[in-house]
Amino acid sequence: INTEDSTNLSSPTAQPVEINTEDSTNLSSPTAQPVEINTEDSTNLSSTTPQPVLTNSDSTTRLDLLKEITVRIVNTGRRNRPPKIRFTAEVCTGSNCCETSVMFKRAGLFKFSEVFQNLGGCRNFSKSPDEEVSIRAIKTETDTPIHTLLKVSKLTAHFGNDCLFIAEKEQTWSFGYEPNYVLWGESINATPKQAEVYVTPAPSACPDSNENACPMENIRVHRELEYARKVCFYQACSSATADHSTLEIGQLGTGGYCLARSAMNPQYSFCCDHEQYFIQLNRTERSGSNGFQRCDGMN
């Protein structure tokens, strides 16, 4: 799950997108798999694709593939709107580490996944069940004073079908709530959390090529919604025609999909920051552009 200038968002055997919630939060993988994210950080779940198996002479060990990484960045400047920054995410299991592609964003919940084609060096990265995981967000450019307003509040890594790792600082209370942010470049040991396994539809039902669609890399988390008994995600498509929070359970054909769940799950609306989705080159409004809202910050 991109929430845009607040949050951004992502799966070939499908996976829920988280996602970006904008100037409040931002939040989208080929054998995709929805991951469950908590109240503020959308959720990703799992796929039924068989996991790779490593075999040696004595035993067989299951390796869980890395499906998705999310980074939640908040703007602590409130009224100030800092410029976008370039950053990556790094995941380590013991001495083995991988680093994603570079993302250029501001504040929000951002996803690195196969669906968004930005896993970079983390594509095909895997871990054995007993390995610990650490995660960090890395700035790739020199800080200016206004860049320091953007801080990391939470990171997640989703492996295999049902293993979600969460990295964040313990929050403190003194004379009120004091946010405890993760430092840029600081490696945090992640806590495993069991994620509910979801059966995902296959094959992906992508939009027709003649439909007006928003490129998957331009779909971002827009707003946090009320909890609901469902989980939604984007499939392994290059584009989508609708904010998946508006879809009916089981509806196919837009590049997104929603499943009914017995438990309440966090929900997010999504926006498109691709101006050509809304406006043609002659500056007239493009038909079929009502599937997404404009993001607060457009590319």
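Two strands are taken to pair if DSSP finds at least two bridges between them. I write that down before anything else, noting also that the model I am reading is predicted.

**Entry: the small sheet**

I looked up how strands 17, 19 and 20 are arranged, and found that the three form an open sheet in the order 17-19-20, with mixed pairing. Strand 17 and strand 20, the latter spanning 293–294, are the edge strands, each of them pairing on one side only. Between strand 19 and strand 20, which run parallel, I found two bridges, and that meets the requirement of at least two bridges for a pair. Looking across to strand 20, I noted that Cys 271 stands opposite Gln 293.

**Entry: cysteines of strands 16, 17 and 19**

I next asked myself which cysteine is joined to Cys 258. The partner is Cys 232, in a disulfide with an S to S distance of 2.0 Å. This pair links distant parts of the chain, since Cys 232 lies in strand 17 (residues 219–234) and Cys 258 in strand 19, 26 residues apart. The torsion about their S-S bond is about 105 degrees, so I entered the disulfide as right-handed. Both Cys 232 and Cys 258 are buried.

Strand 19 (residues 256–272) also holds Cys 272, whose partner Cys 214 lies in strand 16 (residues 214–215), 58 residues apart from it. The sulfur atoms of Cys 214 and Cys 272 are 2.1 Å apart, and the two form a disulfide. With a torsion of about 90 degrees about the S-S bond, the disulfide of Cys 214 and Cys 272 is therefore right-handed. Cys 214 and Cys 272 are buried as well.

**Entry: Cys 98 and Cys 122**

I then turned to Cys 98, which a disulfide joins to Cys 122 at an S to S distance of 2.1 Å. Cys 98 belongs to strand 5 (residues 96–99), whereas Cys 122 sits in the loop between strand 7 (108–113) and strand 8 (126–127), so this pair ties together parts that are 24 residues apart in sequence. The torsion about the S-S bond is about 95 degrees, so this disulfide is right-handed.

Are these two cysteines, Cys 98 and Cys 122, buried or exposed? Cys 98 has 5% relative accessibility and Cys 122 has 0%; since buried means under 20%, I counted Cys 98 as buried, and Cys 122 likewise. Cys 163, at 16% relative accessibility, also counts as buried.

For the whole count I recorded six disulfides. With the bonded cysteines of the chain numbered in sequence order, the pairing reads 1-2, 3-4, 5-8, 6-11, 7-9, 10-12.

**Entry: the nonpolar cores**

Which residues touch the most other members of the largest nonpolar core? Among its 30 residues, they are Leu 66, Val 71, Val 91 and Phe 159. The elements that give two or more residues to this core are strand 3 (64–75), strand 4 (85–93), strand 7, strand 9 (134–139), strand 10 (150–159) and strand 11 (163–167). Strand 10 provides the largest share, five residues.

I followed Leu 66 further, leaving aside its neighbours within four places in sequence, and found contacts that include Val 91, Phe 125, Ala 157 and Phe 159. Leu 66 is also in contact with Cys 98 and Cys 122, the pair joined by the disulfide entered above. Apart from this core I found another, of 16 residues, among them Tyr 234, Cys 237, Phe 270 and Phe 278.

Methods
Residues numbered from 1 in each chain as written. Predicted model: local features only at pLDDT ≥ 70, side-chain atom pairs only at ≥ 80, totals over all residues. Heavy atoms only, no water. Disulfide = S-S within 2.5 Å. Helix = DSSP H or I, 4+ residues; strand = E, 2+ residues; numbered from the N terminus. Buried < 20%, exposed > 50% of the residue type's maximum accessible area, 1.4 Å probe, protein only. Core = buried A, V, L, I, M, F, W, Y, C linked by side-chain atoms within 4.5 Å. Contact = heavy atoms within 4.5 Å.
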